Amino acid sequence: MSRRYDVVPSAHRDNAREDAMNEASGEPRPRRQGDAPALGFVGLLRWAWTQLTSMRTALMLLLLLAVAAVPGSLFPQRLQDDFAVQTWIEDNPTWGPILDSLQFFDVYSSFWFSAIYLLLFISLIGCIIPRARKHWQQMRSAPPRTPKRLQRLPEYGALELEDDAPPPEQTLRDAAGVLRKRGYRTDIRAEEDGTGSVGAEKGYLKEVGNIIFHVSLVGVLICVALGSLFSYRGQKVIVEDEGFVNALAAYDNFYPGAWFQEGQLDPFGIQLNGFDRTFDRQLDADGEPSEGFGSAIDFTADVTVQDGADAEPEETTLRVNHPVTLGGANLYLVGNGYAPVVTVRDGEGEVAFSGPVITRPDDSTYTSMMVVKAPDANPEQLGFQGLFLPSAVDAGDGMAVSVDPELGNPELHLNSYYGDLGLDDGLPQNVYVLDTEDLDVLNSREVDAGGVVLSPGEVQELPDGLGEIEFHDVQDYIAIDITYNPGELGVLAFALLATGGLLGSLFLRRRRAWVTVERTDAGRTLVRYGLLSRGEDFTLREESIALRTQLEENWPVRPPDAQQQDRPNPADSPTETRGS
């Protein structure tokens with residue numbers, strides 16, 4: 001029965017005994033040979049900087065930034081629609097407050113997104129500067145030294161010149177000239193006897209393109225950040241024959257950047273003169289409406305604009321996806337609808353409300369929700385909600401529907417209420433919603449008085465002498481989105497520059513070439529050349545053939561037959577070419 005003995009070196013036993021004694025006495029463990037050096041605080045910072053500025057870290061941060069932007073597409077954002085955010089939180093009482101505290105509704109201004117953004121910016125800067133400095137040094141230094149054995153290169157060839165060929169000194173200069181014509185940067189290394197070599201390299205623009213690409217990424221990050229800080233975005237609804245001036249108080253909704261100042265608002269104005277809707281009116285072969293009959297084709301707003309306080313007003317058109325630029329801001333047509341003009345008189349005969357009412361289309365026939373609030377009515381505040389039908393027809397049971405989006409038979413179908421509208425409490429309300437929970441019904445299909453049904457020019461009195469409502473006519477309105485982003489042109493320029501740099505780094509090739517000039521035993525000139533590419537280069541063979549062709553055009557080259565006569569063994573012939 002064999003026994004196994006574990007032998008511990010005596011040095012290890014002594015170190016273990018010494019460590020135990022130091023631990024018992026409370027003394028620090030002494031450093032020994034082979035121990036890793038302590039980093040220290042400065043060393044730790046240097047290590048962290050090295051890791052942060054590596055290309056691997058930059059790529060990971062770029063991927064992480066893309067992943068961090070995903071919640072901005074999954075959840076509503078306050079910058080785009082604050083009302084949708086509040087609705088989402090109310091509909092999700094458990095997850096809503098948690099996600100709100102983590103800034104999932106303000107993704108692009110959240111602390112975690114900003115941290116990734118800033119780290120990516122620092123990482124790219126740290127990658128670019130050393131890389132650019134190293135490439136600059138390479139561009140100013142001489143091409144690599146000439147290898148001793150050009151035969152080992154992927155592409156190699158040799159030419160033996162005739163007796164009447166130029167001397168070696170001239171041959172070197174001719175070879176350098178050929179390489180320069182092919183875009184190489186050359187360096188002649190002549191010996192005292194006239195022989196020597198030429199080192200050449202080209203393709204520096206490949207790395208330049210790579211650096212331009214990364215610099216452009218930094219430029220895009222800077223422009224996006226500046227655009228986010230100084231930009232603003234707002235919405236405005238403009239009724240026909242009314243206008244808008246670029247003032248903070250004139251916006252319906254306004255979302256400024258973090259560093260926005262009111263002084264950035266350039267003075268400009270726009271007025272809606274008219275609005276045209278184009279719908280599909282195509283009939284099929286039987287004269288019946290086609291499947292897409294009544295669908296929208298185009299919207300055109302005729303507007304008058306004034307770009308600046310001293311500018312002359314100009315008439316132009318505003319269409320979908322064809323914005324108008326004023327004061328550096330882009331004005332987009334994002335919505336439209338009908339605005340019935342109504343007048344509400346209270347129980348004392350005074351006008352409590354008068355003007356166009358913005359409606360919200362709910363379907364392709366422009367069946368629109370409508371809300372009218374008259375908080376100044378006496379003795380009771382009045383409210384109305386219901387539908388506006390552009391082309392109303394009786395659907396039976398006292399119901400009506402709209403069958404066409406154009407104004408064929410416009411009607412108002414409303415319910416009326418009285419009571420406290422809640423506007424005196426100072427709390428903001430949605431102008432398109434009427435809270436009827438604490439209101440009393442005046443008109444409705446469910447009460448004896450029935451609902452309010454009006455055509456243009458008609459008036460209906462309210463029950464209990466609380467007033468009346470009159471429907472005058474219908475006007476058009478448009479909804480415009482106004483965006484100002486000072487960094488968008490910079491983003492476009494750097495994006496194009498990044499594309500150019502990327503194409504250069506992908507399709508340009510970094511190549512090195514060497515040409516040597518020697519004397520044979522017969523006193524003739526022997527020219528050898530070799531090529532090497534940094535990285536995969538499937539066209540290196542074509543480059544070798546083109547270089548050999550141009551070299552042969554400069555000197556009288558001995559034909560292979562004459563060389564074989566001098567050298568019975570064909571393997572000894574110097575005039576050869578070989579490639580991968």
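1. In this predicted model, I478 touches K236, V237, I238, L272, F275, A301, L318, L333, G335 and N336, a list that leaves out residues up to four places away in sequence. I478 is also one of the residues with the most contacts inside the largest nonpolar core, where it is joined in that respect by Y232, F244, L382, F384, L412 and I482.

2. That largest nonpolar core has 50 residues, and strand β22 (residues 467–484) gives the most to it, with 7 residues. Apart from this core lies another, of 23 residues, among them A68, F75, F113 and L120.

3. Two residues of the 23-residue core, F113 and L120, are also among the buried residues of helix α7, which further include W112, I116, Y117, S123, L124, G126, C127, I128 and H135. The buried residues of α7 pack against three helical partners, namely α2 (40–52), α3 (55–68) and α9 (204–230).

4. The length of α7 can be checked against its residue count: at 1.5 Å a residue, the 30 residues of the helix (residues 111–140) should span 44 Å, and because its end C-alpha atoms are 44 Å apart, the expected and the computed values agree.

5. Turning to the strands, β5, β7, β8 and β9 form an open sheet in that order, with antiparallel pairing. The edges are held by β5 (243–245) and β9 (314–319), each of which pairs on one side only, and neighbouring strands of the sheet are turned by 30° against each other on average, when direction is ignored.

6. At the β5 edge of this sheet, the strand pairs with β7 (residues 268–279) in the antiparallel sense over 3 bridges, and F244 stands opposite I270 in β7. F244 thus links two parts of this note, since the residue is also listed among those with the most contacts inside the largest nonpolar core.

7. A separate point concerns β16 (residues 392–396) and β17, which pair in the antiparallel sense over 4 bridges and form a hairpin with 2 residues between them. In the turn, D397 has a positive phi of about 60°, while G396 stands opposite M399 in β17.

8. Along β17 (residues 399–402) the side chains alternate, with A400 and S402 pointing to one face, where they are buried, and M399 and V401 pointing to the other, where they are not. M399, the residue opposite G396, therefore belongs to the face of β17 whose side chains are not buried.

Key
Residues are numbered from 1 along each chain as its sequence is written. This is a predicted model: local features need pLDDT of at least 70, side-chain atom pairs count only at pLDDT 80 or more; totals for chains, interfaces and linings use all residues. Side-chain values use heavy atoms; hydrogens and water are left out. The expected span of a helix is 1.5 Å times one less than its number of residues. Buried means under 20% relative accessible area, exposed over 50%, partly exposed in between (1.4 Å probe, protein chains only). Contact means heavy atoms within 4.5 Å. A nonpolar core is a set of buried Ala, Val, Leu, Ile, Met, Phe, Trp, Tyr and Cys residues joined through side-chain atoms within 4.5 Å. Two strands pair if DSSP finds at least two bridges between them. Axes are lines fitted to C-alpha atoms, for helices over the stretch in contact, and angles run from 0 to 180 degrees between N-to-C directions.
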